[in-house]
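Dear colleague,

I am handing over the structure we spoke about, with the sequence alongside. Please have it open while you read the notes below.

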Amino acid sequence: MKMAELKKVLGVYGPGSRHWVGDGFHVRNLFPSNGIEKQIDPFLMLDYAGPTEVAPSKRPRGVDEHPHRGFETVTIAYQGAVEHRDSGGHSGVIYPGDVQWMTAASGVVHEEKHEREFTKKGGVFEMVQLWVNLPKAHKMSAPSYQALSKEKIPVVSLGAAGEARIIAGEWNDVKGAARTFTQLNVFDVRLNSGGATEIRIPEGHNTAVVLLKGEVAVNAEHALRGEAQIALLSAEGERVSLDAGRDSVLLVLSGKPIGEPVASYGPFVMNTRAELMQAVNDYQAGKMGRLEPALKEI
Ligand code: MN
C-alpha cells in the first residue's frame, strides 16, 4: 500500500493584528488580517484572546449586544470564564475546557462578557473565538447553539506524547462533540515536550495548525515557536506530523472548502452584497431579536 502523502506547509504566519474586541477581549488575530483566509475556507476568522491578567472589577467587561448572521461562532475557553446571553433566550457560562458552538444562521443578537465571579475576583483570561462559515443552503436556517461542556468532549490519549480533545470532526474512529453543517475538524491538541504525533486529515481539506503556546515542528521541518503562530497546509495530502520541542497547546483545523462567494460586513457573512444590506436592515428592524438591558454593575 502506498504511504499517504504529507500535506505541504504553504507558509507560517504570526498574528496580522492585535486589537480589543469590546473592552474585555484583547486579541491577536491569526486570520484573516494576515491575508490567508481564503485558503482556510470554511474557516473565516480566528481570534486568540490573552492570556491576560484581568484586574478585579464591579463592571463585567466584554462585548455589548451585537448581531451575527450567516455563520457560526465557536468559543473555546482556556482560562477565565465568559457569560453569554442571546435573543433566543439562551444564556450560560463557558468555563475552561468548555466550548460554545453557536449557529447564528438567520440571525442572533447576543452579548459576551466576563463571568460575574471572574469579574469580581479577576485572574488570567485566555480564550479563542473561531468563525465557521455556513453554506448558502444553511445561512438562513434557524439559529441554535451547542453548549459543549468539558465532559462532553471526547479525549484521545496520545500516550506519553499528550492528548487530543475532539471538539468537532473525526480523529481516526473517534467522533467529535459538535454537530457541523459541513465536513470539518477542530482538534485541541496538547503535546508534552518531546512528544510526537501524526494526524490523519482527509485529502481536499484546507488545513491549519495553530500554536497557542510552546514549540512544534510541523512535518519535521517548519517550526512554530512561542505564542500565536499559524501554519497553513495544502489541501492535498492526508497526514500532518507534529513534534513538540516544549510543552505545547495547539488547535488543528481542517475542513472541506465550501467554495461559495463570501461577502462580509462586520458581524454578517453572506454570499452577496445585497444579502449583507438585507442583514443590516433586518437587524435594525429588530428581526434578529433583542436583549433585555444588561446589568451595569454586579
Ligand atoms: Mn459575538
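To begin with a loop, Pro 42 lies in the stretch that connects strand 3 and strand 4, and please keep in mind throughout that this is a predicted model. The peptide bond that joins Asp 41 to Pro 42 is cis, with omega at about 20 degrees. Pro 32 is also found in the loop between strand 3 (25-31) and strand 4 (43-54), and the bond leading into it from Phe 31 is likewise cis, with omega near 15 degrees. Most peptide bonds are trans, and most residues other than glycine have a negative phi, which is the background for the next two residues as well.

Asn 172, which is not a glycine, has a positive phi of about 50 degrees, and it sits in the loop between strand 15 (170-171) and strand 16 (174-175). Asn 219 also departs from the negative range, with phi near 55 degrees, and its place is the loop between strand 19 (206-218) and strand 20 (222-233). Is each of these two asparagines buried or exposed? Asn 172 counts as exposed because its relative accessibility is 53%, where the cut-off for exposed is over 50%. Asn 219 counts as buried because its relative accessibility is 8%, where the cut-off is under 20%.

The loop that holds Asn 219 leads on to its flanking strands. Strand 19 and strand 20 make a hairpin with three residues between them, and Asn 219, with its positive phi, is in the turn. The two strands are antiparallel and pair over eleven bridges, and within this pairing Glu 215 stands opposite Arg 225 of strand 20. Strand 19 has further partners: with strand 22 (residues 248-255) it pairs in the antiparallel sense over seven bridges, where Lys 213 stands opposite Val 249, and with strand 21 (residues 239-244) it is joined by three bridges, again antiparallel, with Val 218 opposite Leu 242. Strand 19 is also mostly covered, since ten of its 13 residues are buried.

Elsewhere, four strands form an open sheet in the order 5-10-7-8, with antiparallel pairing. Strand 5 (62-68) and strand 8 (91-94) are the edge strands, and because each has a single partner strand, one side of each is left without a neighbour in the sheet. From one strand to the next the twist averages 20 degrees. Strand 8 pairs with strand 7 (residues 82-86) over four bridges in the antiparallel sense, and the bridge partner of Glu 83 in strand 8 is Val 93.

The last item is the metal site, which may interest you if you plan to look at its geometry. Which residues coordinate the manganese ion? The donors are His 66, His 68 and His 110, each through NE2, together with Glu 112 through OE, at 2.1 to 2.3 Å. Along the sequence these donor residues follow the spacing H-x1-H-x41-H-x1-E. Of the donors, His 110 and Glu 112 are both buried. For reference when you examine the angles, the ideal values at a metal are 109.5 degrees for four tetrahedral donors, and 90 or 180 degrees for six octahedral ones.

With best regards

Conventions:
Residues are numbered from 1 along each chain as its sequence is written. This is a predicted model: local features need pLDDT of at least 70, side-chain atom pairs count only at pLDDT 80 or more; totals for chains, interfaces and linings use all residues. Side-chain values use heavy atoms; hydrogens and water are left out. Two strands pair if DSSP finds at least two bridges between them. Axes are lines fitted to C-alpha atoms, for helices over the stretch in contact, and angles run from 0 to 180 degrees between N-to-C directions. Donors are N, O and S atoms within 2.8 Å of the metal (3.2 Å for Na, K and Ca); water is not among the atoms, so sites may look incomplete. Buried means under 20% relative accessible area, exposed over 50%, partly exposed in between (1.4 Å probe, protein chains only).
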